[in-house]
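Me: Please take a close look at a single part of this model. I want the residues spelled out, and then what surrounds them.

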Amino acid sequence: MSDPDRATNQPPASIPRHVAIIMDGNGRWAKRRHLPRIAGHRAGVKSVRRVVEQCIGYGIEALTVFAFSTENWRRPQDEVGLLMELFLTALEKEVKKLHQNDVRMQVIGDRSRFPTKLQERIAEAERYTASNRALTFTIAANYGGRWDITQAVRKLGRRIESGEMSADAVTEQLLQSGLALAELPEPDLFIRTGGEQRISNFLLWQLAYTELYFTDTLWPDFGKESFAEALHSFASRQRRFGRTSEQVEEQERAL
Ligand code: IPE
Ligand code: IPE
Ligand code: MG
């Protein structure tokens, strides 16, 4: 199915509330230009800025981006070090602008392994932008979907251990409330750039019913048009959540 609005340059018929992105392909982008990998990551920061602006423009409530996975520590030490530096400088440079644009910024993941200065800057940025409402912009850093579920289970475990609740009282909703993005709607649209078609331990629980979109475009090349393309693909899909299409169409007519 294709979105008829695409051909006429109309905005997509339905806009996701929450978009989650695996920003992949920075290294290959740099390699093609005979540049060091970090040049690709730097170019990737510009794409992040662009997509944040796009989300505000479209009235999207939440954007979550995967910046560093729990597995990315396996990369060469110098790349990891440069990525940490880039994270710090990007934070220092961008936070004011995010605040001016009414963006609330937060980081999910285990930040205890980050350099102290980076941890402090993250906490400052979160405090500074905490009451902003136009967009919730979440950066997943030293994040893993398995880590997230594990830490939520640990919280419930403590409550059971203390006698506050019984194991039988554990529900999906209770477990969900301990996850990193508990207060946000679940992602409606997932985008992965760079051609790979895998989840790479990103939001495992939260992506249960998310529409998946994969593109070969490398993250630094992911611009306004690419994002519009992804949104149009989203708008052309029928989300059934287990029901039949007849049921969904009937429900839509009733609205
Ligand atoms: C994604 O780009 C950014 C991070 C994982 C930090 P990559 O660095 O994975 O780029 P490729 O996959 O090597 O092209
Ligand atoms: C996933 O990208 C993590 C981020 C984008 C931060 P990778 O490029 O590290 O993923 P794999 O290892 O190729 O699956
Ligand atoms: Mg990659």
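Reply:

**The contact of α3 with α4**

From α3, the residues Arg-37, Ile-38, His-41, Arg-42, Val-45, Arg-49, Val-52 and Glu-53 meet a set in α4: Glu-79, Leu-82, Leu-83, Leu-86, Ala-90, Lys-93, Glu-94, Lys-97 and Leu-98. By type, the residues of this contact divide into 8 nonpolar, 1 polar and 8 charged. Keep in mind that this is a predicted model.

Now the geometry. Helix α3 covers residues 37–58, and its axis comes within 11 Å of the axis of α4. The two axes cross at roughly 30°. Angles under 35 degrees count as roughly parallel, so α3 and α4 are roughly parallel to each other. Their crossing is right-handed.

Next, the core. The largest nonpolar core has 40 residues. Ile-21, Leu-63, Phe-87, Phe-137, Ile-191 and Phe-227 touch the most other members. Helix α4, residues 77–100, gives the most to this core, with 8 residues. Apart from it lies another core, of 13 residues, including Ala-140, Leu-184, Leu-203 and Leu-207. As a general background, nonpolar side chains in soluble globular proteins tend to be buried together.

Leu-63 links several of these pieces. Beyond its neighbours within four places in sequence, Leu-63 is in contact with Val-51, Val-52 and Cys-55. Val-52 is also one of the α3 residues that meet α4. The contacts of Leu-63 further include His-18, Val-19 and Ile-21, as well as Leu-135, Thr-136, Phe-137 and Thr-138. Ile-21 and Phe-137 are, like Leu-63, among the core residues that touch the most other members.

His-18 deserves its own look. It is found in strand β1, residues 18–22. Its relative accessible area is 0%. Buried means under 20%, so His-18 is buried. Leaving out residues up to four places away in sequence, His-18 touches Ala-62, Leu-63 and Thr-64. It also touches Leu-181, Leu-184, Pro-185, Glu-186, Pro-187, Asp-188 and Leu-189. Leu-184 is a member of the 13-residue core.

Finally, what follows α4. Asp-102 lies in the loop between α4 and β3, the latter being residues 103–108. Asp-102 is partly exposed, with a relative accessible area of 31%. Not counting residues up to four places away in sequence, Asp-102 touches Asn-132, Arg-133, Ala-134 and Leu-135. Leu-135 is also in contact with Leu-63. The C-alpha atoms of Asp-102 and Ile-15 are separated by 20 Å. Along the chain, Asp-102 and Ile-15 are 87 residues apart.

Methods. Residues are numbered from 1 along each chain as its sequence is written. Chains are lettered from A and ligands numbered from 1 in the order in which they are written. This is a predicted model: local features need pLDDT of at least 70, side-chain atom pairs count only at pLDDT 80 or more; totals for chains, interfaces and linings use all residues. Side-chain values use heavy atoms; hydrogens and water are left out. A nonpolar core is a set of buried Ala, Val, Leu, Ile, Met, Phe, Trp, Tyr and Cys residues joined through side-chain atoms within 4.5 Å. Buried means under 20% relative accessible area, exposed over 50%, partly exposed in between (1.4 Å probe, protein chains only). Helices (H or I, at least four residues) and strands (E, at least two) are DSSP runs, numbered from the N terminus. Contact means heavy atoms within 4.5 Å. Axes are lines fitted to C-alpha atoms, for helices over the stretch in contact, and angles run from 0 to 180 degrees between N-to-C directions. Angles under 35 degrees count as roughly parallel, over 145 as roughly antiparallel, 65 to 115 as roughly perpendicular and the rest as oblique. A crossing is left-handed if the near helix is turned anticlockwise from the far one by less than a right angle, and right-handed if clockwise. Ala, Val, Leu, Ile, Met, Phe, Trp, Tyr, Cys and Pro count as nonpolar, Asp, Glu, Lys and Arg as charged, and the others, Gly among them, as polar.
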